[in-house]
Amino acid sequence: MGCFVYLVFGSCKDVTVGPTAIMALMVQKYVNSMGEDIAVLVCFLSGAVITFMGILHLGFLVDFISMPVICGFSNAAAIIIATSQLSTLLGIKGRSDSFIDAISHVVKHINETQLWDTVLGVCSMMLLILFKKLPGKKQGTPFEKFMWLISLARNAIVVMVGILIAYELYSHDLKPFQITGNITEGLPPFSLPPFTIINGNHTYTFTEIVGELSSSILSIPFIAILESIAIAKAFAKGKTLDANQEMLAVGLCNICGSFVRSMPVTGSFTRTAINNSSGVKTPFGGIITGSLVLLACHLLTSTIKYIPKATLAAVIMIAMFYMFETHVFVLLWRTKKIDLVPLIVTLLCCLAISLEYGMIIGIAVNLILLLYFAARPGLLIEERIVDGLTVLFVSPKQSLSFPAAEYLRERVMSWCDKRPTSLPVIIEGRHVLRIDTTVAKNLALLLSDLITRNQKIIFWNWCEDARQTLISYDSSFETYCKLSGSIAQIFADETVIC
């Protein structure tokens, strides 16, 4: 359903909307406790939230999530998904709900490891890595094209080989490893999302469901938006991207999907990358994708049941291995080391607590850093000889907002206190494009402090907007705000003696 809806409302030709590993991971714990109906209801609620945000043009909110937080989240998701498949790869029965739970489950039941599941899983992983490294080209000789196709279709090839092996063995009553099992044939009925859920002997009302979901009602749609817009931006190739339109598209994909028993959906990076490398030119490619999925649901369910669980686990684990971005750590260390803080905090919190809370904590840390740098802007303070006159030169390296107002005043006065002589002070404002009333107030206090010390001061090279804010706050600033002229002559003028 997502493929067909995105065709009409989507804005990126490459994006393929459907179920993703991250969405499955975030819904899994609720499905384990309340049954599969909850996934359908979460799909509807997520779609409603995303569509509402798109209508209100809240796409700008995505800009407040930095690249380190996104990378920390996606890396954590890759680790959690990969470790959740570790027990399946080893043939150990049982489920896990978190990274710590997955590791502890494998450690506790390591003696239950099944030999043939493990052999099949490891061999599948080796084949996937081998196929990925095949030397093929899309534009090349027939042999190179063939190698490129094999590499592109490596997941399907490995799964089909696993199906053939399992079918042959099971038809001779040999069951060396676990298989997926029966899949319901046909297409789901068109019906309203289940606003009341019956699971076992308990009936969950809509109010109870909302209470169980709690913060996930917002975090799941937010992650869906983030994933889809990040993918769309990555494949936009210089074209402008309307985040609000993408919100509407993903929201409507989820709302419409919930009427045909869909789990929450968003843009898939892997399928989008394949679309792009295959040369898809328009969103109409979604029609082909959706049609093939419908055919598979109707015709291939009897075949799908023979997929070995270890092979499926190998496919997922290798996909997550390549999804893990190790280079981003080196990149941040080389460019801006402080950006490693939100990345590592997000990564560790996602692993230790949960994906949604890890993302929230990562965003909070990022905002704290943002506020810190706003409150502690870079200041150049040094003694200079200007026009033959020794002065104390002060130059803020960015615009000043109210958290930085007192800091600027304290730094200047502290510097002046350390000097035995009363040097003239130049407050240079070429980097200051905007100030507020609090900054103007603190600059007026600085002016008053220097008057008490009988020090000369000028505000040099301030833009007209900032200058007008100062003069509007205190008309005496007009005497001290200078745009041009010789520094020595200005300080020689008695009117600027404070």
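**Exercise 1.** In this predicted model, identify the residues with which Ser 228 is in contact, leaving aside its neighbours within four places in sequence, and decide whether Ser 228 is buried or exposed.

*Solution.* Beyond those sequence neighbours, Ser 228 contacts Glu 246, Val 250, Thr 266 and Gly 267. Next, place the residue: Ser 228 belongs to helix α11, residues 216-234. Its relative accessibility is 1%; buried means under 20%, so Ser 228 counts as buried. Finally, Asp 436 offers a distant reference point: the two residues are 208 apart in sequence, and their C-alpha atoms are 37 Å apart in space.

**Exercise 2.** Determine what span helix α2 should have at 1.5 Å a residue, and locate the centre of its kink.

*Solution.* Helix α2 covers residues 21-34, which is 14 residues. The expected span is 1.5 Å times one less than that number, and therefore should be 20 Å; the end C-alpha atoms are 20 Å apart, in agreement. The helix nevertheless has a kink of about 40 degrees, centred on Val 27. Val 27 is also one of the buried residues of α2, which include Ile 22, Met 23, Leu 25 and Met 26. After the helix comes Gly 35, with a positive phi near 90 degrees.

**Exercise 3.** Describe how helices α7 and α9 cross, and state which residues meet.

*Solution.* Begin with the geometry: the axes of α7 (residues 115-132) and α9 (residues 154-171) come within 10 Å and cross at roughly 150 degrees. The crossing is right-handed. From α7, Ser 124, Leu 127, Leu 128, Phe 131 and Lys 132 meet Arg 154, Asn 155, Ile 157 and Val 158 of α9. Sorted by class, this contact comprises 5 nonpolar, 2 polar and 2 charged residues.

Methods:
Residues numbered from 1 in each chain as written. Predicted model: local features only at pLDDT ≥ 70, side-chain atom pairs only at ≥ 80, totals over all residues. Heavy atoms only, no water. Helix = DSSP H or I, 4+ residues; strand = E, 2+ residues; numbered from the N terminus. Bend = angle between axes of the 7 residues up to and from the residue. Buried < 20%, exposed > 50% of the residue type's maximum accessible area, 1.4 Å probe, protein only. Axes fitted to C-alpha atoms, helices over the stretch in contact; angles between N-to-C directions. Left-handed = near helix turned anticlockwise from the far one by under 90°. Contact = heavy atoms within 4.5 Å. Nonpolar A, V, L, I, M, F, W, Y, C, P; charged D, E, K, R; others polar.
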